[in-house]
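Reader: I am a first-year student, and I would like a close look at one part of this model, the strands that pair with one another. Could you start from one pair of facing residues and work outwards from there?

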Amino acid sequence: MLKYRSSVEGWFSKSGLTRKILVGVLTGCLNYIVYYLIPLLAIRQIMIPKAVGSLTVLDMVSGMELFNVWVLLGLILLSVATSILSGSIVGVVIGASIPVVMIAYLMSLFSVLTLEYLGYRIDVDVTYILILLSISVALWSIAKVFKYVESLQ
Amino acid sequence: MISTALKTCSILLFTTTLVVGSYVFYNLYLDLSSLSFSVSSKLSMDAASINLILNVTYTGRETLRDLTITLTAGNYSETHSLSLKAGSVILSYTIPLEDAFQSSVYVRLSVSYMGIVRISIVSPKISITGVP
């Protein structure tokens, strides 16, 4: 009886782990869409044509693939870690750091947008806007960690 | 309590950044569509230099501040800082012949919007060649 109970508990914990991994993978895919795909598409479709009229070549953004396996894998791993470690401070900190890491990554790519239009080279430096956005995201992440700490008290 | 305050600050900062960013890019669009410049040149009297005249025309409604125009040809580089009102400004550059002929000439126009977004536009390179 004891042996049977133990094996049932083991099965449930395995099932719980599988569920957490699945949630992590799905969250990772969602994070990929929110933090990578949407900003990239927004920069390609909205920001640049409004800024300079019609556009022939957009050096950096056009060179970037919409499907970046390394970014997707990294986000899935971080999300799985967050999901498995949820309920502990480590999980909360990892989860809170994902948006900050992604904003920092996007900042390194898009801080200076370089375009070419009718032979003219146009550099648009948006570093300060990205810094302000990353500060606001970091504040939000710190708030999540504080909320967890407050819930423990 | 602290988490709520931090979330409020975060939302306020995010919203403000988006609003200011949109305002800046709207102004950028207006200013770039109302700015044009043309170049004409003539050989100076002593034949040691080329006198290049840059005519900058701005038809926007407000003054375009923090605008710098730099003309570069090899080692020669000269920058003019302008607060451009509606109308045109003529800028004169005297380029030494060796720099004008050995290197391509180009104009760089830099604008800073509220110190937040900086734009730099570099013209196509102009090659000056002597007529035999």
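Author: Ser110(B) has Ser120(B) in S7(B) as its bridge partner, and the two strands concerned, S6(B) and S7(B), pair in the antiparallel sense over six bridges. Strands here are DSSP runs of E with at least two residues, helices are runs of H or I with at least four, and both are numbered from the N terminus; two strands count as paired if DSSP finds at least two bridges between them. This is a predicted model, in which local features need a pLDDT of at least 70 and side-chain atom pairs count only at pLDDT 80 or more, while totals for chains, interfaces and linings use all residues. Residues are numbered from 1 along each chain as its sequence is written, and chains are lettered from A and ligands numbered from 1 in the order in which they are written.

S6(B) and S7(B) form a hairpin with three residues between the strands, and in this hairpin Met114(B) takes a positive phi near 55 degrees. On the other side of the pairing of Ser110(B), Thr68(B) stands opposite this serine in S6(B), and Leu67(B) stands opposite Val111(B). These two pairs belong to S3 of chain B (residues 64-73) and S6 of chain B (residues 105-113), which run antiparallel and are joined by seven bridges.

S3(B) also pairs with S4 of chain B (residues 76-84), again in the antiparallel sense, over eight bridges. One pair there is Ile69(B), which stands opposite His80(B) in S4(B). The hairpin of S3(B) and S4(B) has two residues between the strands, and Gly74(B) in the turn has a positive phi of about 60 degrees.

The pairing also crosses from one chain to the other, for five bridges join S3(A) to S7 of chain B (residues 117-122), and these strands run antiparallel. Arg121(A), for instance, stands opposite Val122(B) in S7(B). The contact between the chains takes 25 residues from chain A and 24 residues from chain B, two residues being in contact if their C-beta atoms, placed from the backbone, lie within 7 Å. On the side of chain A that touches chain B, the elements that give two or more residues are H1 (2-52), S3 (120-125) and H5 (127-152) of chain A, and H5(A) gives the most, with 13 residues. By class, this side has 16 nonpolar, three polar and six charged residues, where Ala, Val, Leu, Ile, Met, Phe, Trp, Tyr, Cys and Pro count as nonpolar, Asp, Glu, Lys and Arg as charged, and the others, Gly among them, as polar.

The strands also give residues to the largest nonpolar core, which has 26 residues, and of these Val124(A), Val126(A), Leu71(B), Ile95(B) and Ile119(B) touch the most other members. Such a core is a set of buried Ala, Val, Leu, Ile, Met, Phe, Trp, Tyr and Cys residues joined through C-beta atoms within 7 Å; a residue is buried if 20 or more other C-beta atoms lie within 10 Å of its own, exposed if 12 or fewer, and partly exposed in between, with C-beta atoms placed from the backbone. The elements that give two or more residues to this core are S3 and H5 of chain A together with S2 (49-58), S3, S5 (87-96), S6 and S7 of chain B, and S3(B) gives the most, with five residues. Ile119(B), leaving aside its neighbours within four places in sequence, is in contact with Ile122(A), Val124(A), Leu28(B), Ser110(B) and Val111(B). Apart from this core lies another, of 14 residues, among them Ile98(A), Leu139(A), Trp140(A) and Ala143(A).

A word of care about chain A is needed. Chain A averages a pLDDT, the predictor's confidence in each residue from 0 to 100, of 75, and 73% of the residues score at least 70. Among its elements, S1 of chain A (residues 57-58) has the lowest mean pLDDT, 43, and H3 of chain A (residues 69-84) the highest, 88. Over residues 1-8 of chain A pLDDT stays under 50, and there the model has zero contacts beyond four places in sequence. The pLDDT is also below 50 over residues 49-59 of chain A, although this stretch has 25 contacts in the model beyond near neighbours in sequence. Where pLDDT is low, the predicted coordinates should not be read in detail.
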